[in-house]
Amino acid sequence: DWLGETEEKTSFFDVTCWRQLAENVAESLSKGMRVVVYGRLEQRSWETQDGDKRSKVEIIADDVS
C-alpha cells in the first residue's frame, strides 16, 4: 500500500474455556470484543449425517485477557 497504511483483517475462532476461566470470560466479555487468547490449537474432525467430512481448528484457552 502506497500510504504506509495496513489493512486490518479479522479472523474468528471458536475458543473453549474451562472452570474458573470460563466463568470469568462469560461474565466479562461480549461478542465482538478484541481479546488475547493464550492456549493451544486443536483440530476436530467429524462426519455429517450426509456423510460429508468436516473439520475445524479451535483454541483451547489457558488464559484470556
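**View 1. Glu-58, a buried acidic side chain in strand E3.** Glu-58 is buried, with a relative accessible area of 8%; buried means under 20%, exposed over 50%, and partly exposed in between, using a 1.4 Å probe and protein chains only. What you see here is a predicted model, in which local features need pLDDT of at least 70 and side-chain atom pairs count only at pLDDT 80 or more, while totals for chains, interfaces and linings use all residues. Residues are numbered from 1 along each chain as its sequence is written, and side-chain values use heavy atoms, with hydrogens and water left out. Glu-58 is placed in strand E3; helices (H or I, at least four residues) and strands (E, at least two) are DSSP runs, numbered from the N terminus. Which residues does Glu-58 touch, not counting those up to four places away in sequence? They are Asp-14, Thr-16, Arg-40, Leu-41, Glu-42 and Arg-44, where contact means heavy atoms within 4.5 Å.

**View 2. Arg-44 and Glu-58 joined between strands E2 and E3.** The side chains of Arg-44 and Glu-58 form a salt bridge whose closest N and O atoms are 2.9 Å apart. A salt bridge here is a side-chain nitrogen of Lys or Arg within 4 Å of a carboxyl oxygen of Asp or Glu. Arg-44 sits in strand E2 (residues 37-47) and Glu-58 in strand E3, so the pair links distant parts of the chain, 14 residues apart. The two side chains also share a polar contact of 2.9 Å. For that term, a pair of N or O atoms must lie within 3.5 Å; within protein, one must be able to donate a hydrogen and the other to accept it, and residues adjacent in sequence count only if both atoms are side-chain atoms. Is each partner buried or partly exposed? Arg-44 is partly exposed at 37% relative accessibility, whereas Glu-58 is buried at 8%.

**View 3. Thr-16, the strand E1 neighbour of Glu-58.** Thr-16 belongs to strand E1 and is buried, with a relative accessible area of 19%. The side chain of Thr-16 makes a polar contact of 3.0 Å with that of Glu-58. Leaving out residues up to four places away in sequence, Thr-16 touches Glu-58, Ile-59, Ile-60 and Ala-61.

**View 4. The Lys-56 and Asp-14 salt bridge.** How many salt bridges does a search of the whole structure find? There are 3, and one of them pairs Lys-56 with Asp-14, with the closest N and O atoms 2.3 Å apart. This pair links distant parts of the chain, with Lys-56 in strand E3 (residues 53-64), Asp-14 in strand E1 (residues 14-16), and their positions 42 residues apart. Lys-56 is partly exposed at 25% relative accessible area, and Asp-14 counts as partly exposed at 40%.

**View 5. Arg-40 and Glu-42 meeting side chain to side chain.** A salt bridge of 3.6 Å, N to O, brings together the side chains of Arg-40 and Glu-42. Arg-40 is partly exposed, at 45% relative accessibility. Glu-42 is partly exposed too, with a relative accessible area of 32%. Glu-58 reappears in this view, since Arg-40 and Glu-42 are among the residues in contact with Glu-58.

**View 6. The open sheet E1-E3-E2.** Three strands form an open sheet in the order E1-E3-E2, with mixed pairing. Why is one side of E1 and of E2 left without a neighbour in the sheet? Each of these strands stands at an edge and has a single partner strand. From one strand to the next, the twist averages 35 degrees; axes are lines fitted to C-alpha atoms, for helices over the stretch in contact, and angles run from 0 to 180 degrees between N-to-C directions. E1 and E3 run parallel and are joined by 3 bridges, with two strands counted as paired if DSSP finds at least two bridges between them. Val-15 stands opposite Ile-59 in E3.

**View 7. The hairpin of E2 and E3.** E2 and E3 pair in the antiparallel sense over 11 bridges. Val-37 has Val-64 in E3 as its bridge partner. The hairpin has 5 residues between the two strands, and Gly-51 in the turn has a positive phi of about 90 degrees.

**View 8. Arg-19, a positive phi in helix H1.** Arg-19 lies in helix H1 (residues 19-28) and is exposed, at 70% relative accessibility. The phi of Arg-19 is near 55 degrees, a positive value in a residue other than glycine. Most residues other than glycine have a negative phi.
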